[in-house]
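Colleague: Before I use these assignments, I would like to hear what each one rests on. Please show me the model.

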Amino acid sequence: VLTGKSLKELEKILTPVLFVRIHNSTIINTQFVESYLTENDITVRMKNGTILGVSRRRKQEFLSRFLKL
């Protein structure tokens with residue numbers, strides 16, 4: 001999605017229960033997460049088949065917020 005807002009601004013607007021920032025350039029809707037792997041790095045598989053990496057810096061936030069669902 002293209003927008004004139006920064007991801008930091010979008011984080012403030014989007015519902016924290018549904019959206020989580022997994023990388024410096026990526027915010028995902030947790031309802032569209034199919035699965036995730038936690039080997040050395042965390043990767044997320046979205047329902048459309050896209051595989052995304054979770055940054056080391058955002059790993060704990062992702063896990064804590066995703067496990068609350």
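Modeller: This is a predicted model, and the terms used for it are taken up below one at a time.

Colleague: Start with the sheet. What makes β3, β4 and β5 an open sheet, and in what order do they lie?

Modeller: The three strands follow the order β3-β4-β5, with antiparallel pairing. β3 (33-38) and β5 are the edge strands, since each of them pairs on one side only. On average, neighbouring strands are turned by 25° against each other, direction ignored.

Colleague: How do you know that β3 and β4 are paired?

Modeller: Pairing requires at least two bridges between the strands. Five bridges join β3 to β4, so the two count as paired. Within this antiparallel pair, Y36 is placed opposite V44 of β4.

Colleague: What packs on the sheet, and which strands does it touch?

Modeller: Helix α2 does, and it touches β3, β4 and β5. The direction of α2 makes about 130° with that of β3.

Colleague: Which residues make up the largest nonpolar core, and why is it called a core?

Modeller: It has eleven residues: V20, I22, I28, V33, I42, V44, M46, V54, F62, L63 and F66. The name asks for buried residues of nonpolar type joined through side-chain atoms within 4.5 Å, and this set is the largest that qualifies. β1 (19-23), β4 (42-46) and α2 (59-67) each give two or more residues to the core. In soluble globular proteins, nonpolar side chains tend to be buried together.

Colleague: What does V33 touch, beyond residues up to four places away in sequence?

Modeller: V33 touches I28, V44, R45, M46, K47 and F66.

Colleague: How many salt bridges are there in the whole structure?

Modeller: A search of the whole structure gives three.

Colleague: Why is the pair E11 and R21 called a salt bridge?

Modeller: The limit between a side-chain nitrogen of Lys or Arg and a carboxyl oxygen of Asp or Glu is 4 Å. The closest N and O atoms of E11 and R21 are 3.0 Å apart, so the pair qualifies. E11 belongs to helix α1 (residues 7-13) and R21 to strand β1, so the bridge ties together parts ten residues apart in sequence.

Colleague: Are the two partners buried or exposed?

Modeller: Buried means under 20% relative accessible area, and partly exposed runs from there up to 50%. R21 has 10% and is therefore buried. E11 has 32% and is therefore partly exposed.

Colleague: What else does R21 meet?

Modeller: A polar atom of the R21 side chain lies 2.6 Å from the backbone oxygen of N24. Leaving aside neighbours within four places in sequence, R21 is in contact with L7, K8, E11, T26, I27, R58 and E61.

Colleague: What makes R58, E61 and R65 a network?

Modeller: Salt bridges link R58, E61 and R65. The R58 and E61 side chains meet at 4.0 Å, N to O, in one salt bridge. The E61 and R65 side chains meet at 2.7 Å, N to O, in another salt bridge. E61 and R65 both lie in α2, four residues apart, about one turn of the helix.

Colleague: Which of R58, E61 and R65 count as buried, and which as partly exposed?

Modeller: R58, at 10% relative accessibility, falls under the 20% limit and so counts as buried. E61 has 27%, so partly exposed is the term for E61. R65 has 24%, so the term for R65 is partly exposed too.

Colleague: Why is G53 called partly exposed, and S55 buried?

Modeller: G53 stands at 41% relative accessibility, between the limits of 20% and 50%, so G53 is partly exposed. S55 stands at 17%, under 20%, so S55 is buried.

Colleague: Where do G53 and S55 lie, and what do they contact beyond four places in sequence?

Modeller: G53 is in strand β5 (residues 51-54) and is in contact with I22, H23 and I42. S55 is in the loop between β5 and α2 and is in contact with I22 and H23. The C-alpha atoms of G53 and T26 are separated by 9.3 Å, the two residues being 27 residues apart along the chain.

Note on methods. Residues are numbered from 1 along each chain as its sequence is written. This is a predicted model: local features need pLDDT of at least 70, side-chain atom pairs count only at pLDDT 80 or more; totals for chains, interfaces and linings use all residues. Side-chain values use heavy atoms; hydrogens and water are left out. Buried means under 20% relative accessible area, exposed over 50%, partly exposed in between (1.4 Å probe, protein chains only). Contact means heavy atoms within 4.5 Å. A polar contact is a pair of N or O atoms within 3.5 Å; within protein, one must be able to donate a hydrogen and the other to accept it, and residues adjacent in sequence count only if both atoms are side-chain atoms. Axes are lines fitted to C-alpha atoms, for helices over the stretch in contact, and angles run from 0 to 180 degrees between N-to-C directions.
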